[in-house]
Amino acid sequence: MAQNIFKGLGVALITPFNTDGSVDYQSLKRLVEFQIDNGADFLCILATTGEAPCLTQEEKDKITELVKDVNKGRIKILKYCGGNNTAAVVEEIKNTDWSGIDGILSICPYYNKPSQEGLYQHFKAIAQASPLPIVLYNVPGRTGINMKPETTCRIARDFPNVVAVKEASGSLEQVDEIIKNKPDNFDVISGDDALTFSMIASGAAGVISVIGNALPKAFSRMIRLEFRGEYEPARKIHHSFTELYSLLFVDGNPAGVKALLNDMGFIENELRLPLVPTRIATKQKMSDILKTLNI
């Protein structure tokens, strides 16, 4: 039975762009090294925060090879492969070279709003096709459908290679329900930076984080402290980020964290349409907070 290896701080890696709109591979190299050197336990590549819907297949392949090459097996890599056409996702899984990748993150089908049975059958097909452990991704705010705890636990029980769920429903009650009823080899991973402190206190195994792109050292420290039961110092770090959490997402993701990384000198403040950079006022507020963070 597969065990979940995606624990602690997972970083939902952004894709940096040059001012001409091309992928900035040099900055991406520096960013991957920065994550590894500062406490990231695994990288999550080519998902929403990485602006994957706006990348070509050639760019996705090149980013995958670059991340694997820079990482050299030091930390685990979780790669996104999902969609709302089950047959197409299964086909992609079968035709992809998964060498150097440790797991697949797959989202609940968006837009076509399947029933709970439809969600179960979708992930059944993916689990049966996958050579790697699967992490489910439940994010109702983006997909238009919430995978209920009983469906998540049913999938987890029936398919041992489904090892975790990235839970971004925003409901701690739902998280609690999954943790209470899940099989032992299955974990909940936070999909929401602002709820990570509470979710780990409830028994979650880690986070796939946006803020971790810019502040991996402090965020991973918070998680490690919690794992050791040192809630007071962990809570202090969590509270130091409270305002930043909301500012990061007020103009959409990854606009906020790209503005932050730009402020830190890592990347150009560039996104691909339909996403645009965060507003100047938001960027300034984040910049001010960054200066006051004692971390």
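Where does T49 lie, in terms of the elements β2 and α2? In this predicted model, T49 sits in the loop that runs between β2 (42-45) and α2 (57-71). UniProt, in an unreviewed entry, puts the feature "binding site" at T49 and at I208. The two span 160 residues in sequence, yet their C-alpha atoms are no more than 10.3 Å apart, so they gather at one spot. Both T49 and I208 are included in the lining of the second largest pocket.

Now for the surroundings of each. With a relative accessible area of 6%, T49 is buried. Setting aside neighbours within four places in sequence, T49 is in contact with A12, L13, I14 and T15, as well as V210, N213, N253 and P254. I208, for its part, belongs to strand β8 (residues 206-209) and is buried too, at a relative accessible area of 2%. Not counting residues up to four places away in sequence, I208 touches a list of residues that includes G10, A12, F42, C44, L78 and K166.

The framework behind these sites is a barrel. Eight strands close into it in the order β1-β2-β3-β4-β5-β6-β7-β8, with parallel pairing. On average, neighbouring strands of this sheet are turned by 25° against each other, direction ignored. Strand β1 (residues 8-12) runs parallel to β2 and is joined to it by three bridges; V11, for instance, has L43 in β2 as its bridge partner. Helices lie across the strands: α2 crosses β2 and β3 (76-80), running at about 170° to β3. Helix α7 (residues 172-181) does likewise over β5 (134-138), β6 (162-167) and β7 (187-190), here at about 170° to β6.

What about the other annotated feature? The unreviewed UniProt entry places "active site" at Y137 and K166. Although spread over 30 residues of sequence, these two cluster in space, with a largest C-alpha distance of 4.7 Å. Y137 is included in the lining of the largest pocket.

Y137 lies in strand β5, while K166 has its place in strand β6. Y137 counts as buried because its relative accessibility is 5%, and K166 is likewise buried, with a relative accessible area of 5%. Beyond four places in sequence, Y137 touches T48, L105, S106, I107, C108, K166 and A168. The contacts of K166, with neighbours within four places left aside, include L105, V135, Y137, I189 and I208. K166 thus touches Y137 of the "active site" pair and I208 of the "binding site" pair.

Note on methods:
Residues are numbered from 1 along each chain as its sequence is written. This is a predicted model: local features need pLDDT of at least 70, side-chain atom pairs count only at pLDDT 80 or more; totals for chains, interfaces and linings use all residues. Side-chain values use heavy atoms; hydrogens and water are left out. UniProt positions are given in the numbering used here, feature names are shortened, and annotations may be inferred rather than shown by experiment. On a 1 Å grid over the protein atoms alone, a cavity is a set of points where a 1.4 Å probe fits but cannot get out, and a pocket is an open set with protein on both sides within 12 Å along at least five of seven lines; lining residues have an atom within 4 Å of a point. Helices (H or I, at least four residues) and strands (E, at least two) are DSSP runs, numbered from the N terminus. Buried means under 20% relative accessible area, exposed over 50%, partly exposed in between (1.4 Å probe, protein chains only). Contact means heavy atoms within 4.5 Å. Two strands pair if DSSP finds at least two bridges between them. Axes are lines fitted to C-alpha atoms, for helices over the stretch in contact, and angles run from 0 to 180 degrees between N-to-C directions.
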